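These are my notebook entries on a single chain model. I set down what I looked up, entry by entry, with the criteria beside the values.

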Amino acid sequence: LKKILELSYNDLPYHLKTCFLYLSVYPEDHIIRRKSVLRRWVAERFVTEKRGLSVFEVAESYFDEFINRSIIHPEDMSFTGKVKTLRAHDVMLEIIVSRSIEENFITLVGEQHISVPREKIRRLSVHSGDMKDIATSKMLSHVRSLSIFSGRETLQFGWMKLLRILDLEGYGILRNRYLKNVCSLFQLEYLSLRKTHIMELPAQIGNPQKLETLDIRETGVKHLPSGITYLPHLINLLAGRRFYNHNGLWPVSEYWGLHVPNKIGNLDALETLEQVEITEYASHSISELGKLSRLRKLGVMMFVDDDNSWASLMSALENISSSLCSLLLWRPDGTMNFNSLDSLSRPPLFMRSIDFRGQLRKLPKWFPSLSNLTELTLRATELSAKEDLEVLARLPSLIYLRLHHSAYVET
């Protein structure tokens, strides 16, 4: 089996070998999210744009090549057949870890990997164990990528002036005070603080001007400092936290997103923004969303019910309708403003995914024009007219329809 898998690896083109070796960053049996690894490939410069394709789309084509060659194991699939999470085969992981260490492609710290390289450390992945053998400024000064999956101590991030990727997801001992040095990493392009105990971001978060991905999902961060609007290359701003009831099936009301910061419209490179809260204190910032001309994915939680705020949101959606492909619109504790939704004069014709949560009672009149819609989720919308089901039945591209929790109430 090992010989067969080695042949599969050796048969890969050079650019795919590099991307595949990168999976040695992750510990054995670790569940790897597809989008996460694609964004890291991009930040590592393993992927370049091709004619007609964005750099992320090229990265997706590389990933699909691995799937076609059956050399990675999909764990969770989407309704469209896309891999959401994956694992590397144990034997294949053994092969690429061995190659990575041999070529000094990556330095691993863990129970099975305790040797310190004689050459410069460029990519460092801490699986477990003691980091004291490498925790010196000389050893860390050339690190370009750092991933910490387990550990009992923090490294001096300020020593890593060349760092482009910092993945601290699930790093339990991380606290707010450790992030000040992170803001001095001017080459940083990818920062994940997901599932940590961080409660706020430093005011200097705008210093790493090259930052493209900021993942603060499942943290305590609700407010963004004003410095966030000084990140001209930020593409993905990922936030939101939910708490589950005792059976783990339904999110209770204590779910939050980010408060929309002033001048968020300055982030004109933004393509993904989820989730943001619209409250009475932030309603004046709604129009800023309409300046995000490249936005493809947007998640909004509406905690206000006045007509002006809804009208501002619809105006913003009209301004970005030519780019928007995915929309989550959630009214957690009340009724959606149907009149405002119905009045949308330029519906997002390229929309592929819509998720409406909250009492709507009737579909907007522009729904039949969504010829590209492939995924629709309706939750607590309380639709009652058979005409609405007929509209859904006529959507030509609809592949997946979710009707949850009083989405349709038969009269």
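**Entry 1: salt bridges.** I took a salt bridge to be a side-chain nitrogen of Lys or Arg within 4 Å of a carboxyl oxygen of Asp or Glu. With that criterion I searched the whole structure and found 16 salt bridges. I note that the model is predicted: local features need pLDDT of at least 70, side-chain atom pairs count only at pLDDT 80 or more, and totals for chains, interfaces and linings use all residues. Residues are numbered from 1 along each chain as its sequence is written, and side-chain values use heavy atoms, with hydrogens and water left out.

I first looked up Asp 11 and Arg 69, whose side chains meet in a salt bridge at 3.2 Å, N to O. Asp 11 lies in the loop between helix H1 (2-10) and helix H2 (14-21), and Arg 69 in the loop between helix H4 (55-68) and E2, so the pair ties together parts that are 58 residues apart in sequence. Helices (H or I, at least four residues) and strands (E, at least two) are DSSP runs, numbered from the N terminus.

For accessibility I used three classes: buried is under 20% relative accessible area, exposed is over 50%, and partly exposed is in between (1.4 Å probe, protein chains only). Asp 11 is exposed, at 52%, whereas Arg 69 is partly exposed, at 29%. I also recorded a network of salt bridges that links Asp 11, Glu 65 and Arg 69.

Next I examined Arg 34 and Glu 60, which form a salt bridge with their closest N and O atoms 3.0 Å apart. Arg 34 belongs to helix H3 (residues 34-43) and Glu 60 to helix H4, so the pair ties together parts that are 26 residues apart in sequence. Both Arg 34 and Glu 60 are buried.

I then looked up Glu 382 and Arg 361, whose side chains meet in a salt bridge at 3.8 Å, N to O. This pair links distant parts of the chain: Glu 382 is in the loop between strand E18 (375-379) and helix H10 (386-393), and Arg 361 is in the loop between strand E17 (353-359) and E18, 21 residues apart. Glu 382 is partly exposed at 28%, and Arg 361 is partly exposed at 44%.

**Entry 2: an open sheet.** I asked in which order the 3 strands of the open sheet stand. The order is E1-E3-E2, and the pairing is antiparallel. E1 and E2 stand at the edges, each with a single partner strand, so one side of each is left without a neighbour in the sheet. Two strands pair if DSSP finds at least two bridges between them.

Strand E1 (residues 32-33) is joined to strand E3 (residues 83-87) by 2 bridges, and here I found Arg 33 opposite Thr 85. Strand E2 (residues 73-77) is joined to E3 by 4 bridges. Among the partners, I noted Pro 74 with Leu 86 and Asp 76 with Thr 85. The hairpin of E2 and E3 has 5 residues between the strands, and Gly 81 there takes a positive phi near 95°.

**Entry 3: H2 against H4.** At what angle do H2 and H4 pack? I found about 85°, with the axes 11 Å apart. Axes are lines fitted to C-alpha atoms, for helices over the stretch in contact, and angles run from 0 to 180 degrees between N-to-C directions. H2 is therefore roughly perpendicular to H4, a class that covers 65 to 115 degrees.

The contact (heavy atoms within 4.5 Å) is made by His 15, Leu 16, Cys 19 and Phe 20 of H2 and by Tyr 62, Glu 65 and Phe 66 of H4.

**Entry 4: two strand residues.** I looked up Lys 297, in strand E15 (residues 297-302). Lys 297 is partly exposed, at 26% relative accessibility. Its C-alpha lies 7.5 Å from that of Glu 274, with the two positions 23 residues apart in sequence numbering. Not counting residues up to four places away in sequence, Lys 297 touches seven listed residues, including Lys 35, Glu 271 and Leu 324.

I closed with Glu 375, in strand E18. Glu 375 is buried, with a relative accessible area of 15%. With the same sequence exclusion, up to four places away, Glu 375 touches residues including Phe 79, Ile 354 and Tyr 400.

Terms used: Angles under 35 degrees count as roughly parallel, over 145 as roughly antiparallel, 65 to 115 as roughly perpendicular and the rest as oblique.
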